[in-house]
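Notebook open. I am looking up the overall make-up first and one helix pair after that.

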Amino acid sequence: MPTRPRRRRPLALTATAALTAVLAASCASPDTAGGKGDTTTITFMGFYGTFQDAFTEQVIKPFEDANPGIKVTYVPIQNSSEVLAKLRASTSRPAADVALMDSSVAPTANEEGLFARLDPELVPNLDRLVDEAASKDGFGPGLTLDSLSILYNTERVDTPPTSWNDLWDEEYRGRLAMPIADTRGVALIIALSQILGTDYQQDIDPAIDRLKELAPAVETWQPAPDVYTAVQSGEADIAVGWNARGQYYQDTSGGVVAPVLPEEGTVTQINTINLVNNSPRAEAAQKFIDYAISAEAQQAFDEAAYYAPVNKDTELAPEVRDRTTASAEQQARQIPVDWSWLTTRYTAWVDRIKQEVIGG
């Protein structure tokens, strides 16, 4: 497939618009919206901010243009834990038809019956996925591939970080933003275990102790509205975040925000796209999932948002690919993770971060 020029037209979604979208989704009839019997409205629960902007422009709009009988309502959420909570509270009348969820949390939703297995005949692009994104049990596949990185403000930091160990540098004391009470913290524990020469499957105490040493130097654990904006504004000068959004903000901030691939390596993170169980619009929802993981949609979205593609047939512009987890440098520095095993420890690890590091 020939590479298309990148399009970067961020969309601003106000709080009022977001509320309107949620109310519209909740008030729509099970199969139609707007009083038109030939229109099906599906609700997509996805991450807020720049992710929503790019996904709406590059995936949802083209899908709706190609499928005039299907409309997609975007409900923004903060993280996978929020998705899990909303779905648990709405099993009889699902809060969404399609939902994004971190691959470390999704197995819990699968086990609880919150997500349904996909029909391969309705989602033929399942056969075109890279190994990392393929679902081994029939549930939702990967939609995005990303990795943990260090972020810094290029206008305020004299010595750019190159290592995870640099977070402990006295030069950055009181200038750190560390939103690690989620998958970022779990990934950081794995990276620190690698540095410390310990096996995270046996003992994470050394990594937790290392984070405790960092705690007094942290300026904020909960940067608002997000860590990328905090680094751009100078509220924090150094932070931990995801590469894709770091790359996006590097462009939109004029280079003020810069992501760094630490020399010791990093951890791959996967967001899955899932069919919510008991959705009355399952066929339309699976048609949307199939489009989202298609080579066409992956190219458009990833070139706008810097995720690595999950579809084998996707061809990114070289200058884009080199800034994603698909780059040769990133691939050479990926720290192996047993996510199947980690799923059973995820909540306990996050609780330890909250209690011993942030609240210690």
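What share of the 360 residues in the protein is buried? I get 56%, a residue being buried when its relative accessible area is under 20% (1.4 Å probe, protein chains only).

Note on the source: this is a predicted model, with local features needing pLDDT of at least 70, side-chain atom pairs counting only at pLDDT 80 or more, and totals for chains, interfaces and linings using all residues. Residues are numbered from 1 along each chain as its sequence is written, and side-chain values use heavy atoms, with hydrogens and water left out.

I looked up the secondary structure and found 14 helices and ten strands (DSSP runs numbered from the N terminus; helices are H or I with at least four residues, strands are E with at least two). The accessible surface is about 15100 Å² (Shrake-Rupley, 1.4 Å probe), and carbon and sulfur atoms hold 48% of that surface.

Next I took helix H2 (residues 50-66) and helix H9 (residues 282-292). Their axes, lines fitted to C-alpha atoms over the stretch in contact, come within 10 Å and cross at roughly 125° on a scale from 0 to 180 degrees between N-to-C directions.

I then listed the contacts (heavy atoms within 4.5 Å): Phe55, Val59, Ile60, Pro62 and Phe63 of H2 meet Lys287, Phe288, Tyr291 and Ala292 of H9.

Last, I checked cover on H9: eight of its eleven residues are buried. Among them are Phe288, Tyr291 and Ala292, which also appear in the contact with H2.

How values were computed: Buried means under 20% relative accessible area, exposed over 50%, partly exposed in between (1.4 Å probe, protein chains only).
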